[in-house]
Amino acid sequence: MTRALRTTLLAAGGTALALGLTACGSMNPFDRHQERSEYKTGAEAKEDRASMPRWLPDDARDVKYVLSTTGDDRLLSFTPKDGKLPAPCKPGKPQGEPQLKADWFPEGTAAKAGTNCGTWSGHLADGTFTAWQDKATVR
């Protein structure tokens, strides 16, 4: 086999491998234990997912959700229609820490959190409520 042919075959094999790995998605082994969803409204989110908190307003907009399939860790973000949080949400200290990550979940949310909605903790800023549920706080 000539050097040029060997180089061409190695390059083609490397390209095929790179394309194959790209098709697999994220290289993070924990992503396979997470499900991510986005919904136009809270009603759609609650209809689609039994794990969605019942306190999520039906008229909430731009709902984003991440859940762990191996526990009760969750992330949630939504825009309340009237800019107010639902009645079950009360001032309180954060419960646990966010255990998941998402590009839409701001760093430092836990330090700013001052609201609890059942087992969820969160923070309302710029019209968006961002919250998490830490499996360690769920009983």
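Okay, let's start at a turn: in the hairpin of β6 and β7, two residues sit between the strands, and Asp126 there takes a positive phi near 50 degrees. Strands here, like helices, are DSSP runs numbered from the N terminus (E, at least two residues for a strand; H or I, at least four for a helix).

Before going on, the ground rules. This is a predicted model, so local features need pLDDT of at least 70, side-chain atom pairs count only at pLDDT 80 or more, and totals for chains, interfaces and linings use all residues. Residues are numbered from 1 along each chain as its sequence is written, and side-chain values use heavy atoms, with hydrogens and water left out.

On confidence: pLDDT is the predictor's own per-residue score, from 0 to 100. The chain averages 85, and 78% of the residues score at least 70. The stretch to watch is residues 17–30, where pLDDT stays under 50. For that stretch the model has two contacts beyond four places in sequence, a contact being heavy atoms within 4.5 Å. Where pLDDT is low, you shouldn't read the predicted coordinates in detail.

Now the sheet. Seven strands make an open sheet, ordered β1-β2-β3-β7-β6-β5-β4, with antiparallel pairing. Its edges are β1 (34–41) and β4, each pairing on one side only. From one strand to the next, the twist averages 20 degrees, with axes taken as lines fitted to C-alpha atoms (for helices, over the stretch in contact) and angles running from 0 to 180 degrees between N-to-C directions. Two strands pair if DSSP finds at least two bridges between them.

Back to our hairpin: strand β6 (residues 120–125) and β7 run antiparallel, joined by six bridges, and Ser121 has Trp132 of β7 as its bridge partner. On β7's other pairing, five bridges join it to β3, again antiparallel. So what about β7: is it mostly covered or not? Mostly covered: five of its six residues are buried, where buried means under 20% relative accessible area, exposed over 50%, and partly exposed in between (1.4 Å probe, protein chains only).

Which residue in β7 is the bridge partner of Phe78? That's Phe129, and the two also meet through their rings. There are five aromatic pairs in total; rings of Phe, Tyr and Trp (its six-membered ring) pair if their centres lie within 6.5 Å, and planes under 30 degrees apart count as stacked, over 60 as edge-to-face, the rest as tilted. Phe78 and Phe129 have ring centres 5.6 Å apart and planes at 65 degrees, so that pair is edge-to-face. Phe78 lies in strand β3 (residues 74–79) and Phe129 in strand β7 (residues 128–133), so the pair ties together parts 51 residues apart in sequence. Phe78 and Phe129 are both buried. Ring pairs also link them with Trp55 and Trp120 into a cluster.

Last stop, the sulfurs. How many disulfides are there? One, counting cysteine sulfur atoms within 2.5 Å. Cys89 and Cys117 form it, with the sulfurs 1.9 Å apart. Cys89 lies in strand β4 (residues 89–91) and Cys117 in strand β5 (residues 115–117), so the pair ties together parts 28 residues apart in sequence. The S-S torsion is about 115 degrees, so the disulfide is right-handed. Cys89 counts as buried at 10% relative accessibility, and Cys117 does at 1%. β4 and β5 also pair in the antiparallel sense over three bridges, with Pro91 partnered by Thr115 in β5.
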